[in-house]
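Please open the structure in a viewer and keep the selection tool at hand. The stops below are given in the order in which they may be selected.

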Amino acid sequence: MVKRFELKVSELRSICDPTVFKFKNTSEIKPLDEVIGQQRAVQAIEFGLNMKDRSYNLFVTGLAGTGKSTIVRDLVTKHAKKQPTPVEWCLVNNFKDVYRPNAIAVSPGKALPFYKKMNKVIEDLKKDLPKALEGEAYLQQLSKIKNEYTEESSELFHELEEYAADRSLQIEQTDAEFQVVPVVNGKPITPEEFANLTEDQRLAIEENMRIVQSEIDAKAREIDKIEQALHTDIEKLLDKVALSVVQARLDSLKAEFKDNSDILDYLAAVQEDIVDNFNIFIPSDKSETQPENLAERMQKPNFHQYQVNVLVDRETTKGAPVIFESNPTYYNVFGRIEKRAYMGTISTDFTMIQPGSLLNANGGYLIMEIEPVLMNPFVWDALKRALRTKYLQIEDIAEETGFGTTSLKPQPIPLDVKVILLGSYEAFEELQNEDPQFNKTFKVRADFDYEVEKTPETIQQYARFIARVSEEENLLPFTSKAVAAIVEYGVKHVADKNKLSIRFGPLHGVLKEADYWAKKNNARVVAEKYVIKAFNEHRFRYNLYEQKIHESYLNDQIIIDVDGEVVGQVNALAVYQIGEFSFGRPARITAETYMGKQGVINIEREAKLSGSTHDKGVLILSGYMGRTFAQYHPLSLSISITFEQNYGGIDGDSASSTELYAILSSLSDIPIRQGIAVTGSVNQKGQIQAIGDVNQKIEGFFEVCKEKGLTGQQGVIIPKANVDNLMIKREVINDVKRKKFHIYQVSTVEEGIEILTGVAAGKPDKNGNFPKGTVYGAVQQKLKTYFERSLLRRREIAETEDQR
């Protein structure tokens, strides 16, 4: 009677025939060089990359393992190679404001030569300037200038001497001043001799000395002017000599970079600064062999103000840059200003500024994962600001600036970069809903699928993908049967016989593990048995918890009947999830019905052990019961329903049909076969709806039945909508072939209750009455009895009150 609901063996698994592959092993076929099944994502990425507007940044979503990171990098890299190589960036000293260094854009491949040639200019000037000041031409001009001014000074001194001689005085010149000495009879006199003169003589001499001293002061001022003029002329000579030397060295640089106005302006500023400060190029008289202390070494000129800080060098870059930032901290993305500690303080200069990935990607593409971007402080807001303003500002984070730090604020650098963020659906949805600037900045979404239609073409692409991985990872080639096993794994991974998984992360792991077992056995190729061993070993490494749960069924710590019949008791199927590993096991559901008006009492809900989805499923039961049995009189009953031995949380509605079967059994007093487990949700119309993890649930119940003993009467009822999701393991299929285990499909509650009880559900006549000998007839009769008893009880209560 229930045979019509039983599935055929061919419906339980999608089998990949190895003969569809025209090769013995994958070494004979061309490795895959295209993307499988991601047309939507690839088209969106290509659209975003080709949009010239830089506000069309991309956000790539998809499950982990879909290969989005690898595919995005490959697509972006191919696209970038066709783009022109962008300019390079240097930082140079701002001689007008050392705290605001200037940024200079340089043609590709020119930044490093500019840096090296600038260093060579400075090194050459260290030799040329001292040499020029020791040259004969300079010394002759210097001597000439000095002689001219020496003659003027000598003439003034001679005039002063004559002026003093006329007054019987003599001028003696010391290092610090001029001294006036009295002369008597043509000879200078001593202070003792001066004291022996008459008072009139002394007064006359003192008067003459005052007059001469005034003249000395006047001549001294003239001599000072002469010396100042001398120094001015010497400085002009030095500037002239220094300028000629510096110009000779810088002219070649100016000629090489004549088309770059920023470099020309910088070289002009360098020339002016060197001429003004040429003395730092002149070595001191201190012997170079004498050891220097730390302070002297720090004070010694290091000429860093003339260095070029190459931030971005694209000498080896072909096309536009593609940068993948795996650790997007603030400094890694936006650059940092490094510090040096000296004598308790921290200092810095423009040569210690380092670029971040955003600048390295300038003119190209920057790829980052969104989760670490959001986790690292300041990064997300700074990234949006940079993309919005199209300028990059390298600066310290204010909160982390230490005491004594010399502040630098480099010139903002124009930004022309396209950012590609990789993330989850949840992250995309949250940003789209919560961040008003997100949609303005990231206008393109590329969504990676996790499955593809299973067609002859995609099956062959699977084989070529395996060939590619084998070649790239140096794995053994896979036989056609091994490839067929991998294809079946791809089907089971998405639980759809018409689809193939394109989450290549897990698939990649299977290939490596199968290769490991093959090499361990000294095999030359990876055969099917090594693929199966890889599956089994992987499950064994993860299924300790599953084994412990399984043992609790065997020693009756969890009570489950897998044979016999019981009223109001059904085996539901639950799924345990540990990370990405899941397994199914049965759970007993019991229902008790009795007179009352409380309706369905969900014990899990009352104990606060159920989730909202499970509660919704239970409430739907009331709707179905009312629709089916309360069209002519109200339901006067209470129903208590629970998952037995459930001490943790439970959610989901996949057991709602199971709970309904338990209620119908309790009301009809018709027992349910305990060898049949049930999964499937139900709606208020009594239709059985699809559920998830159908394969794990079937296999989980099979394991319990196998250990307790297969009777040939055991099996599982699943929704008809889940038939295409079946990829049951071969062990179960073998017992289905031997009629030791059965799998049934149902689309309505009526079909399911018939399988469980062996009794038809029954169909109502035009008056809404179900026939006797049916499940629904018995339920209707029980409900009618409850209703009549409730009316009788009401009358009795009313009569008792009247008598009072």
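Begin by selecting strand 17 (residues 444-447), in which Val444 and Ala446 form a covered face, while Arg445 and Asp447 form an uncovered one. Strands here are DSSP runs of E with at least two residues, helices are runs of H or I with at least four residues, and both are numbered from the N terminus. The model is a predicted one, in which local features need pLDDT of at least 70 and side-chain atom pairs count only at pLDDT 80 or more, whereas totals for chains, interfaces and linings use all residues. Residues are numbered from 1 along each chain as its sequence is written, and side-chain values use heavy atoms, with hydrogens and water left out.

Next, add strand 1 (residues 58-61), which pairs with strand 17 in the parallel sense over 4 bridges; two strands pair if DSSP finds at least two bridges between them. Across this pairing, Phe59 stands opposite Arg445.

From Asp447, move to Gln39: the two C-alpha atoms are separated by 9.8 Å, although the residues are 408 apart along the chain. Gln39 is found in helix 1. Is Gln39 buried or exposed? Gln39 counts as exposed because its relative accessibility is 56%, where exposed means over 50% relative accessible area, buried under 20% and partly exposed in between (1.4 Å probe, protein chains only).

Now select helix 1 (residues 39-50) together with helix 2 (residues 68-81). Their axes come within 11 Å and cross at roughly 35 degrees. Axes are lines fitted to C-alpha atoms, for helices over the stretch in contact, and angles run from 0 to 180 degrees between N-to-C directions. Show the side chains of Val42, Ile45, Leu49 and Asn50 in helix 1, which meet Val72, Leu75, Val76 and His79 in helix 2; contact means heavy atoms within 4.5 Å.

Proceed to the open sheet of 3 strands in the order 3-2-7, with antiparallel pairing. Strand 3 and strand 7 (309-312) are its edge strands, each pairing on one side only. Strand 2 and strand 7 are joined by 3 bridges, and Trp89 stands opposite Val312 in strand 7.

Follow the chain from strand 2 (88-92) into the loop that leads to strand 3 (102-106), and select Asn93 there. Asn93 is buried, because its relative accessible area is 6%. Its contacts, not counting residues up to four places away in sequence, are Val98, Asn102, Tyr266, Gln305 and Phe350.

Tyr266 leads into the largest nonpolar core, of 53 residues, in which Phe114, Ile171, Tyr266 and Ile274 touch the most other members. Such a core is a set of buried Ala, Val, Leu, Ile, Met, Phe, Trp, Tyr and Cys residues joined through side-chain atoms within 4.5 Å. Helix 6 gives the most to this core, with 15 residues. Centre the view on Phe114, whose contacts include Cys90, Leu253, Tyr266 and Val308. Apart from this core lies another, of 43 residues, among them Tyr661, Ile672, Val682 and Ala761.

Finally, return to helix 6, which lies across strand 4 and strand 5 and runs at about 145 degrees to strand 5. These two strands belong to an open sheet of 3 strands, ordered 4-5-6 with antiparallel pairing. Strand 5 is joined to strand 6 by 2 bridges; select Val184 and its bridge partner in strand 6, Lys187, to end the tour.
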